[in-house]
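Please look over the model below before reading on. The notes that follow take up one helix and then one strand.

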Amino acid sequence: MTATTTSRPDPDGLVHRAVPYRDPDHQAAALTAPVTEALESGRRALVVVDPRCAAVLRRSLGHDAGVEFRTPDRMHSAPPFTVAGRWSRAVREALADGASGVCTVGQPVELPGADAAYWTRLDLALSHALRALPVELLCCFPDVEADRAHAGALHDEFLVDGAPVPSGCRRDDHELLAENPQCPPDELGPAVVTLPVTLDDLGSMRRVVERQAELSGLGPSRISDLVLAVNELISNGVEHGSGHPVLRMWRTEAGLVSEMSDAATCRLAFPGLAAPPVAGNRGRGMWLASELSDVLQVWTAEDDPGQVTGTVVRVTMSPP
């Protein structure tokens, strides 16, 4: 049966539903109604699905419908939390441009480095990053028993034949996040900068970052952004961590990579994904670093399995 109607999302917050499908034709049919309704109500539509579904959906909606299609390999070319942050910024830009809300559609696809943990972390990150925004987020999944159970753990509702249906097996986000930890990225080899930093060293540290950014050809605005981002991360380690973080930097094909490592453990479940309350005094530095850089990664460093030794935060800034 083709989807015919959906309940409109709460204008003050996120509606996050899982959409089961049997094949690309059925998937496109299930998405046509909510996407069409979004456009007719003044919302924007962003669709990131398998190319086979995208082709059918384009024909169903009409090529001039105003839907923005993005390819999964481009959209998911970064760690999950970075992708969720980009998604949040895209929504905020659409709202600032006059949209009353945004309908977004995505699905797990086979991509290098995107395993089951990647998609779970992305789903959880999107829920956190978009939770206060007027967004209808539809996550497609194959309608088989194993996938239905996994999707139900991540979503309160399924969208079946155009109607919301309780999943009945929603699990706690923090439990799911703990079961799917961020794996450390690849080692980058010898660093061009290794600099222990204390409170008295912050000024000289900023000059070091600025010099490396100039050597990397980032340009004035990107240099300023990187200096501020790294300063926020290092200051966090000085003020709220051990007091003695270490800065390491690399020049790579992807851009200039800056890394803060500290013996203290970061206790933020979703670091950098959402701005903290105006009255809050924690979490703003990580959020600013995420906003200012191209990629932000946070993980727990371990010397031996099960032996926690601290937190590592890595930001990447690419040339313009």
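What covers the buried residues of α1?

1. This is a predicted model, in which local features need pLDDT of at least 70 and side-chain atom pairs count only at pLDDT 80 or more, while totals for chains, interfaces and linings use all residues. Residues are numbered from 1 along each chain as its sequence is written, and side-chain values use heavy atoms, with hydrogens and water left out.

2. The cover over the buried residues of α1 includes the strands β1 (15–21), β2 (44–48), β4 (102–106), β5 (135–142) and β6 (157–160), together with helix α2 (51–61). Among the buried residues (under 20% relative accessible area, 1.4 Å probe, protein chains only) are His-26, Leu-31, Val-35 and Glu-37.

3. Helix α1 covers residues 24–40 and reaches 24 Å from its first C-alpha to its last. A kink of about 35° (the angle between axes fitted to the seven residues ending there and the seven starting there) lies at Thr-32, shortly before Pro-34.

4. At the N-terminal end of α1, Asp-23 acts as a cap, with a side-chain oxygen 3.1 Å from the backbone nitrogen of Asp-25. Just after the helix, Gly-42 has a positive phi of about 90°.

5. Strand β5 has seven of its eight residues buried, so it is largely enclosed by the rest of the structure. β5 pairs (at least two DSSP bridges) in the parallel sense with β1 over seven bridges, and Tyr-21 stands opposite Pro-142. With β4, β5 pairs in the parallel sense over five bridges.

Notes: Helix = DSSP H or I, 4+ residues; strand = E, 2+ residues; numbered from the N terminus. Expected span 1.5 Å × (residues − 1). Buried < 20%, exposed > 50% of the residue type's maximum accessible area, 1.4 Å probe, protein only. Contact = heavy atoms within 4.5 Å. Polar contact = N/O pair within 3.5 Å; in protein donor to acceptor, adjacent residues only side chain to side chain.
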